[in-house]
Amino acid sequence: LIEFRDHAFLQDIYDDWTPIQTGRKACQIGYSIMQILKSFWAAKYKNYNQIYTLPTFSDVSQFVPSKVNALISQNPILQKWTRDKDTILQKKIGNSFIYYRGTVSKSKEDEQMMGGVGTMFSSDLNLHDEADRSSQSILEQYESRLGTSKYKGRWYFSNPTSPNTLSQKLWEKSDQKHWFIKCSGCNLWQYLDFWKNIKDGQFVCQKCGKEITNDDRRNGQWIKRYQNRDISSYWLSHLCCPWISAQKIEEEYETKTRQYFYNFVLGLPYVGSDAVVNQDIILKAIDNSGVPNFQEHNYLGVDQGLKKHFVLGNKQGIFKIGVYDNWEDIEKLIKIYDIELAVFDALPDLTEPRKIRDKYPGIVWLSYYKKEIKKADYIKWDYQTKTVYSDRSKLIQQTIDDFIERKIRFQLRTEELTDYIKHWESLYKVKELDSLGIERDSWKTSGEDHFCHATFLWRVAMEKTTGEETAIKDWQPKEKTADNLAPDIEAIIKQNEQYE
């Protein structure tokens with residue numbers, strides 16, 4: 001059943017018929033179900049023709065049977081509404097149609113052509129699910145289908161990825177509604193902020209420190225940051241959800257990547273650190289605690305070329321780096337240090353790395369960079385071939401974030417890091433358009449960067465899941481650092497006279 005006790009924050013959104021809407025949302029909060037029901041209601045009672053988009057046609061083929069058709073099958077009223085025309089690609093309700101279409105990357109010419117099929121329909125309302133993971137140019141093309149409509153509705157909702165997508169640019173022009181709750185101790189109205197409202201596994205008031213209960217979170221209200229804007233928007237994080245505990249959110253912070261945590265838990269776009277890695281950052285990461293590295297549970301990353309650059313370490317830190325001319329020496333490292341997992345660059349040598357992988361099954365994996373891995377974790381493991389794929393830009397950014405936050409440590413002397421530092425200082429950041437038409441950061445090099453890639457591959461090895469934990473879990477800092485936060489509470493309160 002659809003219920004509003006735990007989902008009170010959805011009630012106002014169900015009732016919102018502002019033509020242009022955008023939603024920043026965490027995952028699994030009921031948003032897509034709400035939009036499906038609203039689209040059915042709009043077809044039945046407002047006679048709106050609609051186009052409902054997802055990133056690809058394969059997404060449509062999964063989404064419609066598992067969510068849309070599942071709703072219809074459990075609701076006799078919806079079954080009556082869709083009796084005339086009910087397929088995966090379209091539903092007829094009364095005299096109106098809902099068309100389900102995908103958007104695709106420019107590199108897939110056949111699907112690109114299919115993506116354009118939706119541009120032949122007239123529409124009153126376009127609903128763009130997972131808008132930030134869709135082709136931005138195709139989303140813009142669908143606006144042309146609204147030309148004859150009086151309503152001209154455009155609703156964008158997504159787990160945000162980058163500040164440069166259509167939905168996030170609309171957010172900047174919108175009223176930016178936040179879910180405010182009232183502290184039962186000091187009566188302060190506040191929206192829940194991970195860095196200010198979670199402490200030691202509990203939700204607490206930013207001002208008085210009193211515990212914020214699940215009922216407090218249920219009894220919130222939407223407050224506009226900007227009063228006189230005609231684009232309606234909502235920000236929904238897991239902190240708004242009474243069924244998700246503070247302990248669970250802290251666990252996600254400690255075990256997931258920053259990108260995953262921002263996108264899927266906080267419902268915020270992730271930018272990452274602007275800093276590049278230089279000598280100062282690396283030298284500050286040298287471990288001067290005096291605690292020796294016990295060199296147990298070791299992981300290895302190897303970047304290959306004319307020479308083999310390697311990085312060797314464990315959760316205590318990196319304790320050995322170097323360059324070898326041949327694969328025999330790399331194999332000796334595996335034996336001497338009892339490597340638990342090694343990730344090798346798969347190219348250019350196609351022969352020797354595969355021989356070592358086959359000789360050490362389950363220990364040695366081959367690595368390829370692959371653009372735009374959909375999951376925010378940015379790493380995909382193929383257990384059958386013992387191959388790992390990672391999104392290069394995301395992997396570089398995550399590693400740099402770990403340097404900035406000092407989660408990667410070195411048990412090495414300063415003089416041992418001279419060439420290592422030079423390789424990192426060759427990296428620089430530029431802006432480029434990706435295949436979805438979104439401007440993103442891309443990393444280039446002005447010289448040798450082999451130690452950088454060996455570090456990335458070592459970090460991939462450290463990310464490898466063993467059971468329910470990852471090897472880097474213990475890196476996570478206890479203190480939380482505020483980076484890329486939502487707007488400050490005082491700024492919002494000042495702009496809302498109802499708080500006077």
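Mentor: Buried means under 20% relative accessible area. Keep that cut-off in mind as we look around this predicted model.

Trainee: Why is Arg459 called buried?

Mentor: Arg459 has a relative accessible area of 1%, and buried means under 20%, so Arg459 counts as buried.

Trainee: What makes Arg459 and Glu463 a salt bridge?

Mentor: Their closest N and O atoms are 2.8 Å apart, and the cut-off is within 4 Å. Both residues lie in helix H17, 4 residues apart, about one turn of the helix. Glu463 is buried too, at 11% relative accessibility. Through shared partners, salt bridges join Arg258, Asp402, Glu405, Lys407, Arg459 and Glu463 into one network.

Trainee: Why is Glu405 called partly exposed?

Mentor: Glu405 has a relative accessible area of 24%, and partly exposed lies between 20% and 50%, so the term fits Glu405. Glu405 forms a salt bridge with Arg258, the closest N and O atoms being 3.4 Å apart. Glu405 sits in the loop between H15 and H16 while Arg258 belongs to H11, so the pair ties together parts that are 147 residues apart in sequence. Arg258 itself is buried, at 5%.

Trainee: How do you know that H15 and H17 are roughly perpendicular?

Mentor: Their axes cross at roughly 90°, and 65 to 115 degrees counts as roughly perpendicular, so the name suits H15 and H17. The axes also come within 10 Å. Among the residues that meet there are Asp402 in H15 and Arg459 in H17. The contact residues divide into 5 nonpolar, 4 polar and 3 charged.

Key. Residues are numbered from 1 along each chain as its sequence is written. This is a predicted model: local features need pLDDT of at least 70, side-chain atom pairs count only at pLDDT 80 or more; totals for chains, interfaces and linings use all residues. Side-chain values use heavy atoms; hydrogens and water are left out. Axes are lines fitted to C-alpha atoms, for helices over the stretch in contact, and angles run from 0 to 180 degrees between N-to-C directions. Helices (H or I, at least four residues) and strands (E, at least two) are DSSP runs, numbered from the N terminus. Angles under 35 degrees count as roughly parallel, over 145 as roughly antiparallel, 65 to 115 as roughly perpendicular and the rest as oblique. Contact means heavy atoms within 4.5 Å. Ala, Val, Leu, Ile, Met, Phe, Trp, Tyr, Cys and Pro count as nonpolar, Asp, Glu, Lys and Arg as charged, and the others, Gly among them, as polar. A salt bridge is a side-chain nitrogen of Lys or Arg within 4 Å of a carboxyl oxygen of Asp or Glu. Buried means under 20% relative accessible area, exposed over 50%, partly exposed in between (1.4 Å probe, protein chains only).
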